[in-house]
Amino acid sequence: MPARKMRIEVFDSEGNKYSIAFEGNVTREKALRILDLVELLGGVSSSPQETNTTFSETSKYDRLLRVIHRHFPLTWFSSKEVQAAYEQEYKQPISLSTVATYLSRMANKGLLIRSGASNRIKYRASPSFSQVVVKKGTL
């Protein structure tokens with residue numbers, strides 16, 4: 001039987017990327033151990049209750065990521081559009097400078113693609129925007 005390869009990429013709530021690669025005899029037990037590690041890093045929740053966190057338990061950064069994921073998964077958007085979507089969804093004001101700062105950080109971490117002149121910057125979710133990507137194949 002040929003050797004197998006498993007690769008998992010996880011983004012935590014701060015946008016940090018963790019890559020785990022495993023080569024060899026991939027069994028169900030070994031895969032579950034790796035997924036347990038992913039869960040510890042915050043990439044996958046173990047219960048439905050963990051995905052329904054309350055407004056006060058999440059940071060502005062996390063809420064902005066959710067807004068982008070829900071409202072702009074495939075389209076280009078501006079910081080003003082994200083600000084409006086955030087305020088509509090959470091019924092709480094957020095300054096445009098805060099939105100622009102977080103969008104810039106997300107772009108620097110590879111979560112977003114940035115384009116345009118400094119006064120007309122547009123963003124789009126990058127292909128690696130999803131929180132967990134599992135790839136399995138043969139060598």
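This is a short walk through a predicted model of one protein chain, from its confidence to its helix packing and a few single residues.

Okay, ground rules. Since the model is predicted, local features need pLDDT of at least 70 and side-chain atom pairs count only at pLDDT 80 or more, while totals for chains, interfaces and linings use all residues. Residues are numbered from 1 along each chain as its sequence is written, and side-chain values use heavy atoms, with hydrogens and water left out.

Confidence, then. That's pLDDT, the predictor's confidence in each residue, from 0 to 100. The chain averages 76, and 76% of the residues score at least 70. Where is the confidence lowest, and where is it highest? The low end is strand S5, residues 132-138, with a mean of 39, and the high end is helix H4, residues 79-90, at 93. There's also a stretch at residues 44-57 where the pLDDT is below 50, and beyond near neighbours in sequence that stretch has eleven contacts in the model. Contact here means heavy atoms within 4.5 Å. Around S5, residues 131-139 stay under 50 too, and the model gives them 26 contacts beyond four places in sequence.

On to the layout. We've got five helices and five strands. Those are DSSP runs, numbered from the N terminus: helices are H or I with at least four residues, strands are E with at least two. Starting at the N terminus, the order is β-β-α-α-α-α-α-β-β-β.

A few whole-chain numbers. Of the 139 residues, 30% count as buried. For that word, buried means under 20% relative accessible area, exposed means over 50%, and partly exposed is in between, with a 1.4 Å probe and protein chains only. The accessible surface comes to about 8,900 Å², and 51% of it belongs to carbon and sulfur atoms. Those areas come from the Shrake-Rupley method with a 1.4 Å probe, and for residues only the protein chains shown count as cover. And if you take contacts with a separation of 6 or more, 48% of them link residues 24 or more positions apart.

Now the helix packing, with H3 in the middle of the story. How do H3 and H5 pack? Helix H3, residues 60-71, and helix H5, residues 96-108, pack at about 75°, with axes 11 Å apart. So H3 is roughly perpendicular to H5. For the geometry people: axes are lines fitted to C-alpha atoms, for helices over the stretch in contact, and angles run from 0 to 180 degrees between N-to-C directions. Under 35 degrees counts as roughly parallel, over 145 as roughly antiparallel, 65 to 115 as roughly perpendicular, and the rest as oblique.

Who's in that contact? From H3 there are Lys 60, Tyr 61, Leu 64, Leu 65 and Ile 68, and they meet Thr 98, Val 99, Tyr 102, Leu 103 and Met 106 in H5. By class, that's eight nonpolar, one polar and one charged. The classes: Ala, Val, Leu, Ile, Met, Phe, Trp, Tyr, Cys and Pro are nonpolar, Asp, Glu, Lys and Arg are charged, and the others, Gly among them, are polar.

H3 also packs on H4, at about 100° with axes 10 Å apart, so those two are roughly perpendicular to each other as well. The H3 side includes Arg 63, Arg 66 and Arg 70, and the H4 side includes Val 82, Tyr 86 and Glu 89. The split for this contact is seven nonpolar, one polar and five charged.

Last bit, some single residues. Lys 91 sits in the loop between H4 and H5. What's its backbone doing? Its phi is positive, about 55°, although Lys 91 is not a glycine. Most residues other than glycine have a negative phi. Lys 91 counts as exposed, at 69% relative accessibility.

Ser 126 lies in the loop between strand S4, residues 122-125, and S5. Is Ser 126 buried or exposed? Buried, at 8% relative accessibility. Leaving aside neighbours within four places, Ser 126 touches Gly 110, Leu 111, Leu 112 and Ile 113.

Arg 105, in helix H5, is partly exposed at 45%. The C-alpha atoms of Arg 105 and Gly 15 are 8.6 Å apart, with those positions 90 residues apart along the chain. And Tyr 18, in strand S2, residues 17-24, is partly exposed at 31%. Its C-alpha is 8.9 Å from that of Val 38, 20 residues away along the chain.
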